[in-house]
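Colleague: I have not seen this structure before. Could you take me through how to read it, one feature at a time?

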Amino acid sequence: MRVFGLAIRILINRRDYIHLSQLKSMVGFSYNTTKNEDGISILREVLTKTAYESMVPALEILNKEVLNFSTALNCIENILPSFDDDERYLISMDIQQWRNHWSRYCMFVPKENRTLTSFRNQISLGKTREIEDNNGIALLTAHMSKGLQFDVVFIIGLSEGTFPDYRAVKTGGSQLSQEMNNMYVAVTRAKRLCYMTYPARKRMPWGDIKTQYPSRYIKDIVREKSI
């Protein structure tokens, strides 16, 4: 799967000549590629008539506008019988590792924001590695927390104009409804305890200190409890 990893780099950046040279050396391709071609065209040229030609369909899947990494891995799994037992085992283990990375990536990145570049960067930064223990905290936006739950949740920045955002308040309509949905998501992430906080004062980007007021959501919850 070293070839697969190098090929992903070429899909992301067709001018990555360092990794392209490594790829060409690994597959035994000794010719010059057409410089004006896109990444997938270069990979077709380099991998065709080599032992890795059957990997091209998987790379074509990754080249589509909507990233579907799992489907690409399924495509590679379909060609496993063509390898000997030892190599098949190693490739299977690599595929599982890729699946683990993809699964954790999908937990934090909404479908509409998933790209091959983003996925590769998250792996490089170690953000998709397996967490060995549950110590520490997870810092997430309300949007990114969808589908996750925690024993204790702190919702910070619940001041009017921040959450809900002042632009949504000004515009109203669907934007304000989306802010309400985000608040619902944030609160329901808590299994046991949910703390809601807001700052008394906030330093603005230009240096001024501005007094903050509690979000309408805090007021709504307090009012609901008092009824």
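Colleague: Is R216 buried, partly exposed or exposed?

Modeller: One thing before the answer: this is a predicted model. R216 has a relative accessible area of 30%, and buried means under 20% while exposed means over 50%, so R216 is partly exposed.

Colleague: Which side chain does R216 meet in a salt bridge?

Modeller: The general idea first. Side chains of opposite charge can pair when their charged atoms come close. Here the partner of R216 is E160, at 2.5 Å from N to O. E160 sits in the loop between strand 1 (150-155) and helix 8 (166-171), whereas R216 belongs to helix 10 (residues 216-226); the pair links distant parts of the chain, 56 residues apart. E160 is also partly exposed, at 30% relative accessibility.

Colleague: How many salt bridges does the structure hold?

Modeller: Four. Another one of them joins R44 and E60, at 2.9 Å from N to O. R44 is in helix 3 and E60 in helix 4 (residues 56-62), so this pair ties together parts that lie 16 residues apart in sequence. R44 is partly exposed at 34%, and E60 is partly exposed at 30%. D165 and R167 also meet in a salt bridge, at 2.8 Å, and D165 is buried, with a relative accessible area of 17%.

Colleague: What about R120: which side chain of opposite charge is nearest?

Modeller: D16, and it is 8.6 Å away. A salt bridge needs a nitrogen within 4 Å of a carboxyl oxygen. R120 is buried yet has no salt bridge. R120 lies in helix 7 (residues 116-124), and its side chain makes a polar contact of 3.0 Å with that of S124. Leaving out residues up to four places away in sequence, R120 touches I8, R9 and I12.

Colleague: Now helices. Which residues of helix 5 are buried?

Modeller: The general idea is about spacing. An α-helix has 3.6 residues a turn, so residues three or four places apart point the same way. In helix 5 (residues 69-77), the buried residues are F69, A72, L73, C75 and I76. They cover an arc of only 155 degrees around the axis, which puts them on the same side of helix 5.

Colleague: And L43 in helix 3: what does it touch?

Modeller: With residues up to four places away in sequence left out, L43 touches A7, I10, L11, L23, T48 and L59. L43 is buried, with a relative accessible area of 0%. L43 and L59 are 16 residues apart in sequence, and their C-alpha atoms are 8.3 Å apart in space.

Colleague: How many aromatic pairs are there?

Modeller: The structure holds 12. One of them is F29 with Y31, an edge-to-face pair with 5.6 Å between centres and 80 degrees between the planes. F29 is buried at 14%, while Y31 counts as exposed at 58%. For W102 and F119, the ring centres are 5.2 Å apart and the planes are at 80 degrees, so this pair is edge-to-face. The pair links distant parts of the chain, with W102 in helix 6 (residues 85-108) and F119 in helix 7, 17 residues apart. W102 counts as buried at 8%, and F119 counts as buried at 1%.

Colleague: Which residues do ring pairs link into a cluster with W102 and F119?

Modeller: The cluster also includes F4, F69, W98 and Y105. F69 has come up before, among the buried residues of helix 5.

Technical notes: Residues numbered from 1 in each chain as written. Predicted model: local features only at pLDDT ≥ 70, side-chain atom pairs only at ≥ 80, totals over all residues. Heavy atoms only, no water. Buried < 20%, exposed > 50% of the residue type's maximum accessible area, 1.4 Å probe, protein only. Helix = DSSP H or I, 4+ residues; strand = E, 2+ residues; numbered from the N terminus. Arc of directions from axis to C-beta. Lys, Arg positive; Asp, Glu negative; His and termini not counted. Polar contact = N/O pair within 3.5 Å; in protein donor to acceptor, adjacent residues only side chain to side chain. Contact = heavy atoms within 4.5 Å. Phe/Tyr/Trp six-rings, centres within 6.5 Å; stacked < 30°, edge-to-face > 60°.
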